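Here is a short report on one protein model and its bound ligands. The metal site comes first, then the ligand pocket, then selected parts of the fold.

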Amino acid sequence: MTFDRSIKIAPSILSADFANFGKEIQSVEAQGADWIHVDVMDGHFVPNLTFGPPLCAAIRPHIKTVMDVHLMIAPVDPYIQAFADAGADILTAHLESGPHVHRTLQAIRAAGCKAGLALNPGTGLEDLPYLLDMIDLVCVMTVNPGFGGQKFIHSQIDKVKRLREMIGDRPIHIEIDGGITPETAPLMTAAGADVLVAGSAVFKGGSVENPAPYGANIRAIRSSIVAA
Ligand code: DX5
Ligand code: ZN
């Protein structure tokens, strides 16, 4: 993975057909996805359950772009090696997932993955100066994690602006996750984001049999940014 700040659209397979992940991934990549975002939930850190390392390993061969794994789990550390072995390119852990996020980030890089740090909407940036040199991505949650299809939280725009200033020239992606649509995407890229996760806004209207709407939905997000 080389670093650049071009705008990347990362469809979340949380909104895909769970019985057809391989085909759904191939379809969204063919329709213009830049990364594939994989939402791992444990029913403990967040009030929902999704999937673990074996599913990630099974879908890995279908991903030609970047496998971006968002860990909404606590604890994180006992599972890092398993997700790295499953082929994750990026492993993102939550700042709120435990008292030793510094150790968690060290372990993610030691396992050979890019390290991401996710922040819930109620979490500030105070701790970031002590972690910036250990991370490759900050994921700003614009919904409370756990479910797709929630409403975008506007207070996070200011957080992203301040984060962008804090990052300066460091090669760190700013990823936005939750409620991204053609209406909200330009607000976030203007604030400094370069990776936009979108679940419902990408998968709506399409299906395994009819994937063309995925392309139209991705293009609608992209052109909203160009137009802004
Ligand atoms: C929420 C997940 C998101 C989610 C986004 O907990 O981390 O990645 O899939 O879904 P939308 O784009 O529908 O808000
Ligand atoms: Zn996510």
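Which protein donors does the zinc ion (ligand 2) have? They are His37 (NE2), Asp39 (OD), His70 (ND1) and Asp177 (OD), lying 2.0 to 2.3 Å from the ion. Donors here are N, O and S atoms within 2.8 Å of the metal (3.2 Å for Na, K and Ca); water is not among the atoms, so sites may look incomplete.

The model is predicted: local features need pLDDT of at least 70, side-chain atom pairs count only at pLDDT 80 or more, and totals for chains, interfaces and linings use all residues. Residues are numbered from 1 along each chain as its sequence is written, chains are lettered from A and ligands numbered from 1 in the order in which they are written, and side-chain values use heavy atoms, with hydrogens and water left out.

## Zinc site

Why is the arrangement around the zinc ion (ligand 2) octahedral? Its 6 donor atoms subtend angles of 69 to 169°, which makes it so. Six donors count as octahedral if opposite donors are over 155 degrees apart and all others between 65 and 115. Ideal angles for six octahedral donors are 90 or 180 degrees.

The spacing of the donor residues in sequence is H-x1-D-x30-H-x106-D. Distant parts of the chain are linked here: His37 sits in strand 2 (residues 36–41) and Asp177 in strand 7 (residues 173–177), 140 residues apart. Helices (H or I, at least four residues) and strands (E, at least two) are DSSP runs, numbered from the N terminus.

His37 counts as buried because its relative accessibility is 0%. Asp177 is buried too, with a relative accessible area of 8%. Buried means under 20% relative accessible area, exposed over 50%, and partly exposed in between (1.4 Å probe, protein chains only).

## Ligand 1

Ligand 1 is surrounded by 20 residues. The closest are Asp39, Gly146, Asp177, Gly199 and Ser200. A residue is near a molecule if one of its heavy atoms lies within 4 Å of it.

The table gives distances from an oxygen atom of ligand 1 to N or O atoms of the protein.

| Residue | Part of residue | Distance to an oxygen atom of ligand 1 |
|---|---|---|
| Ser12 | side chain | 3.0 Å |
| Gly179 | backbone | 2.8 Å |
| Gly199 | backbone | 2.7 Å |

On its own, ligand 1 has 390 Å² of accessible area, and the protein covers 99% of it. Accessible areas come from the Shrake-Rupley method with a 1.4 Å probe; for residues, only the protein chains shown count as cover.

## Loops

Thr184 lies in the loop between strand 7 and helix 6 (185–191). Its relative accessible area is 9%, so Thr184 is buried. The Thr184 side chain reaches the backbone nitrogen of Thr181 at 2.9 Å. Beyond neighbours within four places in sequence, Thr184 is in contact (heavy atoms within 4.5 Å) with Phe152 and Gly179.

Ala74 and Pro75 are joined by a cis peptide bond, with omega about 0°. Pro75 is in the loop between strand 3 (67–72) and helix 3 (80–85).

Asp194 occupies the loop between helix 6 and strand 8 (195–198). It is buried, at a relative accessible area of 2%. Asp194 and Asp4 are 190 residues apart along the chain, yet their C-alpha atoms are separated by 8.7 Å. A polar contact of 2.7 Å joins the side chains of Asp194 and His173. Such a contact is a pair of N or O atoms within 3.5 Å; within protein, one must be able to donate a hydrogen and the other to accept it, and residues adjacent in sequence count only if both atoms are side-chain atoms.

## Helix 1 and its surroundings

Helix 1 (residues 21–30) is largely enclosed by the rest of the structure, because 7 of its 10 residues are buried. Its buried residues pack against strand 1 (8–11), strand 2, helix 2 (53–59), helix 7 (200–203) and helix 8 (212–227). Gly32 follows helix 1 and has a positive phi, near 115°.

Ile13 is in the loop between strand 1 and helix 1. At 0% relative accessibility, Ile13 counts as buried. Leaving aside neighbours within four places in sequence, its contacts include Phe21, Ile25 and His37.

Definitions and conventions:
Four donors count as tetrahedral if all angles lie between 85 and 135 degrees; four count as square planar and six as octahedral if opposite donors are over 155 degrees apart and all others between 65 and 115; anything else is irregular.
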